[in-house]
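This report introduces a protein structure to a reader who has not met it before. The sequence and the model are shown below, followed by a description of selected features.

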Amino acid sequence: MNTVAVVPGSFDPVTLGHLDVIGRAAKIFDEVHVVVVHNPGKEAMFPIAQRVALLEQAVSAAKFPGKLEITSWSVGLLVDYCTEVGASVLVKGIRSQVDVSYEQPMSIVNRNLASVETVFLLPDPANSHVSSSLVRQVAGLGGDVSPYVPPSVANYLAATELP
C-alpha cells in the first residue's frame, strides 16, 4: 500500500526546522507532497511562487529519499488537495504546546471532513526555536539568518531588499 502524506506550510521562508520535518516525513511515507499554502491569518513576505522556488532549491540540495512533490494550494480546503492526490496523512511540525493548541482543532476537523489523519513531528531540538516569522524579523533588521535557513534561502534574503 502506497501511503501519501502532505506536509503543508506557509514556508515564508523555508527554515531548517521545516527541512527537518520534510526529511523525516520522506523517510516514513512512500510519497510526500510539500504544499505551500496561503494562511489567511498571516501576512506573507514573499509571493507563493517565490516560496515554492526557494523550497524547491532547499529540498533539491538536501537530497531527501523517496518521492517528493513540491507545489502550492491556495483555493479551497487543504483536505481537498489531500483527496485530489490520494493523501491520507497530514504531517505537521510542532515546536511547543502553543502549536499543539493551534493544530489540534484543525486535525479533528480534517479527520471529520475527509478522514485525513494528522501526524505531529517534534523538531530537532537544535531547531525548536526557529520560525519563519523569527527569520523574517532578523533578516528585516539586517541580521544573519544563515544558522536558521538553508544556504539558498540565506543567499536570497541577503540579496533581496526586504520590506
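In this predicted model, strand S4 (residues 89–93) runs parallel to strand S5, and 5 bridges join the two. Within this pairing, Gly93 has Leu121 of S5 as its bridge partner. Both strands belong to an open sheet of 5 strands, whose order is S3-S2-S1-S4-S5 and whose pairing is parallel. Strand S3 (67–73) and strand S5 (117–121) form the edges, each pairing on one side only. Direction ignored, neighbouring strands of the sheet are turned by 30 degrees against each other on average.

Helix H1 (residues 16–28) packs on this sheet, where it touches strand S1 (4–9), strand S2 (31–37), S3, S4 and S5. The direction of H1 makes about 125 degrees with that of S5.

The loop between S1 and H1 contains Phe11 and also Pro13. A cis peptide bond, with omega of about 5 degrees, joins Asp12 and Pro13. Phe11 has a positive phi although it is not a glycine, and a positive phi is likewise found at Ser115, again not a glycine. The table sets out these two residues.

| Residue | Phi | Location | Relative accessibility |
|---|---|---|---|
| Phe11 | about 50 degrees | loop between S1 and H1 | 2%, buried |
| Ser115 | about 55 degrees | loop between H4 and S5 | 58%, exposed |

Is Phe11 buried or exposed? With a relative accessibility of 2%, Phe11 counts as buried, because the limit for that class is under 20%. Ser115, at 58%, counts as exposed, since that class begins over 50%.

Ser115 is also a contact of Asn110, a residue of helix H4 (residues 97–114). Leaving aside residues up to four places away in sequence, Asn110 touches Val79, Leu90, Ser115 and Val116. Its relative accessibility is 13%, so Asn110 counts as buried.

A further helix, H6 (residues 151–159), has Val153, Ala154 and Leu157 as buried residues. Seen down the axis of H6, the buried residues fall within an arc of 100 degrees, and they therefore line one face of the helix. Pro151, Asn155, Ala158 and Ala159 are exposed on the other side of H6. What do the buried residues of H6 pack against? Their partners are helix H2 (48–62) and helix H5 (132–140).

Terms used: Residues are numbered from 1 along each chain as its sequence is written. This is a predicted model: local features need pLDDT of at least 70, side-chain atom pairs count only at pLDDT 80 or more; totals for chains, interfaces and linings use all residues. Side-chain values use heavy atoms; hydrogens and water are left out. Buried means under 20% relative accessible area, exposed over 50%, partly exposed in between (1.4 Å probe, protein chains only). Helices (H or I, at least four residues) and strands (E, at least two) are DSSP runs, numbered from the N terminus. The arc is that of the directions from the helix axis to the C-beta atoms. Contact means heavy atoms within 4.5 Å. Two strands pair if DSSP finds at least two bridges between them. Axes are lines fitted to C-alpha atoms, for helices over the stretch in contact, and angles run from 0 to 180 degrees between N-to-C directions.
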